[in-house]
Structures are given as structure tokens and as C-alpha cells.
Amino acid sequence: MTSYEAELVVDRRESAADGVLALTLRHPLGEELPAWEPGAHIDVLLGPGLERQYSLCGDPADRSVWRIAVLREPDGRGGSAYVHGELGQGDKVRVRGPRNHFALEPAPRYRFIAGGIGITPILPMLAAAEAAGAEWTLLYGGRSRDSMAFTDELGAYGDKVTIAPQDEAGLLDLASVLDDVPEGTLVYCCGPGALLDAVEERCPGGLLHIERFLPKEQETGPDTSFEVELSRSGKTVTVPEGVSVLDAVRSAGVEVLYSCAEGTCGTCETDVLEGTPDHRDSVLSDEEREAGETMMICVSRCRGPRLVLDL
């Protein structure tokens, strides 16, 4: 996991759609920014309690800038309102990252599905798939055509892209892209929870890659107490009922990078050396959960009396 953190300058600020603001960030001294691959996101540190994650949606080959897009959410927690209302061209903002739990795996064919602001991590994937010579299609939905970002850029791909605003076409026709998927096809989807749930119901897990902006609703066991040994720190802490591993570890004086505290961003991912995690995140795949080699300590717990973590 990268530890890059820097104060960047808002180089450009432009409307990408109704309610969607695109920001291009540059290092104030012109330094190159860390490399990234499609699917990556960064943490944007807007202020105390205003730390948010945004997908990188520019060109990975251009190391001089990073581009993100921010949907204004009137009922949100204040991050998008701050970006839209306070962050102007020339302003500085602290960022951290990038990290990637939604990486584009090599495949001969792809089916991409995006809903609303979920187009942001998908956009650079399309360019990568095109450059690799893969077969691909995109089904992109939103409330209305005016609310859907980057449709002008998507126009360059012709009939590989289907733009389907809900007020014109209704709900996305998932059957058209997910029924009878050819062997070797990978499906990438990002968008509202209801869309992701619908895609999960139709698509075998081994083919599907999704990224959630909000935690997935899931059944969990009881929050029983357990011990966590921190192998590098030489400390053992008790994680009581109702307290997260993250909070228990930080209370013991061990600093850990974290951001969303909801199990969606992957910032706090930690290697598990012993024990069986009780995964409650919305990041890891079924295969990664089964392997039990890492866990998101902001939400996940332990299925037994003890964990040993690489902290």
C-alpha cells in the first residue's frame, strides 16, 4: 500500500454533468504524481471529518495530473458540498494514495456496466481495454442524460457504448449484456447499491468485479470480544463488543492508515498472520475472504478468540 501524501493544486475545475464537478489536480512544483492503473482511487482530505475517496478517471499515462469527478449529494455528509461550494481553481487540497481494489484484470472480452457517478472508475478501463485489443461493451445508465458525466468522451467509442438514461429507457436492461456471456468474459460494474445487487444476482461471482461507494447490507454474527496480537508492535489488545479493531489498535497507541471507516475504501487493509477474520467489508472478493490473508480492520472482526495482525 502506497504511503504517498501531498498537497496538490486544483489545476482545472469544470462541469462534467448536472451536479457533477470534474477536478484536475497537479503538484504545485510540477512533480510527477505516482503511477496508477484503472480502478484506482485517492483519499481527498478536505478537513477534519471530511476525508473522502474518489476514483481516478483521467489518463494513467499522464503523470502530471490526476482527475477526479465529484457528484453533489444534497443529503450527503458534507464532502461533496465542500468540493462544489468551496474548492476552486488554484486552491490546494491534501490527497493520499492511490490504491486499487478494483483493478482491471487481463481478459479477451469485457462487459462494463456503470450507473451514475459509477462511470468514474470505468472510464479509464475502457481506454485500457481498447488499447489491449479486447472486445468490450459498456451499458451506462443514470437519472437523465444531462446528469450523466463524460458522455462526450464516451461518444468516441461509437456503438460499443450504450447510453440509457432512466427517464428515456427505464431501468437498465441487464439481461442484454449479462445473459449468455461468452466464456472468458469479465464483468465490471460500479454504481448505486441496487444496481450492484441486481448485477450480482445475474452474474457468476468468478466473472464479476464490482466497486461499492456505500457499504453492502449483510448479515453478521454477534460482536463478541476477542484478542488481537500486533506482531510488529509487540502489543496485545482486547477488542470488546461494540468496538472496532481499528479503534482498539489506535487506542493502544498504534497508528494505522484509515479513511472511510465503513469497509468500502480499503485504506485500512491489514495482513492477517493467524486467526480467522469475520469479514464485514464491501471490498474483498469471495475468494479473498475465503483465503483470510487480509482484512479491513475498520469493520471486520474475528471468528474465534484471537487474531494476529501484521501491525
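This report describes salt bridges, aromatic contacts, backbone geometry and selected surface and buried positions in a predicted model.

## Salt bridges between distant segments

The structure contains 23 salt bridges. One of them joins Glu 5 and Arg 94, whose closest N and O atoms are 3.0 Å apart. This pair connects distant parts of the chain, since Glu 5 belongs to strand E1 (residues 5-17) and Arg 94 to strand E6 (residues 92-99), with the two positions 89 residues apart in sequence. Glu 5 has a relative accessible area of 33% and is therefore partly exposed. Arg 94, with a relative accessible area of 36%, is likewise partly exposed.

Strand E6 also supplies Arg 99, which links to Asp 43 in strand E3 (residues 41-47) across a separation of 56 residues. The side chains of Arg 99 and Asp 43 form a salt bridge with an N to O distance of 2.7 Å. Both Arg 99 and Asp 43 are buried.

A further salt bridge is made by the side chains of Asp 310 and Arg 232, at 2.9 Å from N to O. Asp 310 is located in the segment after strand E18 (306-309), and Arg 232 in the loop between strand E12 (226-230) and strand E13 (235-239), so this pair ties together parts of the chain that are 78 residues apart in sequence. Asp 310 counts as partly exposed because its relative accessibility is 25%. Arg 232 reaches 61% relative accessibility and so counts as exposed. Elsewhere, salt bridges with shared partners join Glu 5, Asp 43, Glu 51, Arg 94, Arg 96 and Arg 99 into one network.

## Aromatic contacts

Aromatic side chains form 7 pairs in the whole structure. One is the pair of Trp 136 and Tyr 157, with ring centres 5.0 Å apart and planes at 85 degrees; the pair is edge-to-face because the angle exceeds the cut-off of 60 degrees. Trp 136 lies in strand E8 (residues 135-142), while Tyr 157 lies in the loop between helix H3 (151-154) and strand E9 (161-165), so the contact ties together parts that are 21 residues apart in sequence.

Trp 136 is buried, as its relative accessible area is 3%. Trp 136 and Tyr 157 also belong to one aromatic cluster, together with Phe 102, Tyr 110, Phe 112 and Tyr 188.

## Backbone geometry

Most residues other than glycine have a negative phi, and most peptide bonds are trans. The peptide bond from Gly 97 to Pro 98 is cis, with omega near -5 degrees. Pro 98 is placed in strand E6, the strand that also contains Arg 94 and Arg 99.

Positive phi values occur at two non-glycine positions described here. Asp 180 has phi near 60 degrees and is situated in the loop between H5 and strand E10 (185-190). With a relative accessible area of 78%, Asp 180 is exposed. Ala 261 also has phi near 60 degrees, and its location is the loop between helix H7 (245-251) and strand E14 (269-274). Ala 261 is partly exposed, at a relative accessible area of 42%.

## Buried positions and spatial separations

Leu 178 is part of helix H5 (residues 175-178). Its relative accessibility is 7%, so Leu 178 counts as buried. The C-alpha atoms of Leu 178 and Arg 202 are 6.8 Å apart, while the two residues are 24 residues apart in sequence.

His 41 lies in strand E3, the strand of Asp 43. His 41 is buried, with a relative accessible area of 5%. From His 41 to Ser 251 the C-alpha separation is 28 Å, and these residues are 210 residues apart along the chain.

## A negative surface patch

Asp 286, Glu 287, Glu 288 and Glu 290 form a negative surface patch. Within this patch, Glu 290 belongs to helix H8 (residues 286-291). Glu 290 counts as exposed because its relative accessibility is 70%, above the cut-off of 50%.

Terms used: Residues numbered from 1 in each chain as written. Predicted model: local features only at pLDDT ≥ 70, side-chain atom pairs only at ≥ 80, totals over all residues. Heavy atoms only, no water. Patch = residues over 30% accessible without salt bridge, like charges linked within 9 Å, V, L, I, M, F, W, Y side chains within 5 Å. Areas by Shrake-Rupley, 256 points an atom, 1.4 Å probe, with all protein chains shown as cover. Salt bridge = Lys/Arg side-chain N within 4 Å of Asp/Glu carboxyl O. Lys, Arg positive; Asp, Glu negative; His and termini not counted. Charge placed at Lys NZ, Arg CZ, Asp CG, Glu CD. Helix = DSSP H or I, 4+ residues; strand = E, 2+ residues; numbered from the N terminus. Buried < 20%, exposed > 50% of the residue type's maximum accessible area, 1.4 Å probe, protein only. Phe/Tyr/Trp six-rings, centres within 6.5 Å; stacked < 30°, edge-to-face > 60°.
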